[in-house]
Amino acid sequence: MSVTICQSMGFVVSALGIGGIIASTCMDQWSTQDLYNNPVTAVFNYQGLWRTCVRESSGFTECRGYFTILGLPAMFQAVRALMVVGIVLGILGLLVCVFALKCIRIGTMEDSAKANMTLTSGIMFIVAGLCAITGVSVFANMLVTNFWMSTTNMYQGMQNVQNRYTFGSALFVGWVAGGLALVGGIMMCLACRGLIPEESRYKAVSYNASGRNISYRTGPYKGYEPDTKARKGPGYEEAPRSEDGRRSYPSKYDYV
């Protein structure tokens with residue numbers, strides 16, 4: 001019962017994590033404009049992995065996608081790749097996990113097969129969570145570096161107008177979702193140990209005879225025991241025993 005609960009909880013937690021990774025990847029608020037020095041502004045900028053948006057004070061929002069690949073920074077493309085890989089692995093892990101659930105019986109699938117599928121899905125969830133956490137952390141490191149560079153340039157008077165960007169809500173969603181996927185994968189790996197069937201040490205082998213319904217079982221070897229009763233026929237007399245327990249047989253002189 002505990003194995004089923006652990007497996008089911010791992011599936012639910014992992015599903016929430018994969019859903020959060022998908023939502024984080026599709027969100028546009030990966031980086032938002034810092035309003036510390038200019039709290040009142042008519043234009044508010046924020047950027048995502050796939051497009052950049054501008055929101056005016058009137059409520060009108062205009063978004064424009066990145067129509068280039070080579071023009072984007074290498075780290076930015078690496079973050080994209082990590083998030084996509086995490087989504088693909090998470091979806092595949094969910095598909096495998098559905099068939100591996102112990103509460104769902106499909107055909108004559110054995111528990112050993114379910115254990116292997118559970119372990120596979122758990123590893124997929126762990127890798128997906130690590131990809132999401134790594135991608136979000138790399139993007140956050142890029143934001144921190146650009147923020148301090150923009151701050152230094154602004155205070156040195158090198159640029160009069162400098163937009164600084166800080167963490168957006170998508171980053172926090174990605175961190176939480178990656179952690180959920182990681183925890184769900186660990187729970188699936190723990191549930192795998194309980195699904196492995198225990199093999200019995202002693203196995204009985206039965207053989208069915210062709211003419212009779214007789215079953216034979218393997219047992220300990222008792223050694224050779226001659227059946228003296230089967231050799232006794234009509235007119236057979238057992239030889240008398242002497243005082244020392246030995247049998248005395250008649251000699252040729254007794255028949256004279």
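This is a short talk on the strands and the aromatic rings of one protein model.

Hi everyone, and thanks for coming. Before we start, please keep in mind that this model is predicted.

Let's begin with the sheet. It is an open one with 5 strands, and the pairing is antiparallel. Reading across, the order is E4-E3-E2-E1-E5. As a reminder, strands of a sheet pair through backbone hydrogen bonds. Which strands stand at the edges? They are E4, residues 61-65, and E5, residues 165-167. Each has a single partner strand, so one side of each is left without a neighbour in the sheet. On average, and ignoring direction, neighbouring strands here are turned by 25° against each other.

Now look at E4 together with E3, which covers residues 51-56. These two run antiparallel and are joined by 5 bridges. If you want a place to put your finger, find Arg51, which stands opposite Gly65 in E4.

On to the aromatic rings. How many aromatic pairs are there? The count comes to 7. One of them is Phe44 with Tyr46, a tilted pair with 6.0 Å from centre to centre and 40° between the planes. Phe44 is buried at 17% relative accessible area, and Tyr46 is buried too, at 7%.

Another pair is Phe167 with Trp175, and this one is edge-to-face: the centres are 6.2 Å apart, with 75° between the planes. Here Phe167 is partly exposed, at 30% relative accessibility, and Trp175 is partly exposed at 29%.

Finally, there is an aromatic cluster to find on your screen: Trp30, Tyr66, Phe76 and Phe139 form it together. Thanks for listening!

Methods:
Residues numbered from 1 in each chain as written. Predicted model: local features only at pLDDT ≥ 70, side-chain atom pairs only at ≥ 80, totals over all residues. Heavy atoms only, no water. Phe/Tyr/Trp six-rings, centres within 6.5 Å; stacked < 30°, edge-to-face > 60°. Buried < 20%, exposed > 50% of the residue type's maximum accessible area, 1.4 Å probe, protein only. Pairing = 2+ DSSP bridges. Helix = DSSP H or I, 4+ residues; strand = E, 2+ residues; numbered from the N terminus. Axes fitted to C-alpha atoms, helices over the stretch in contact; angles between N-to-C directions.
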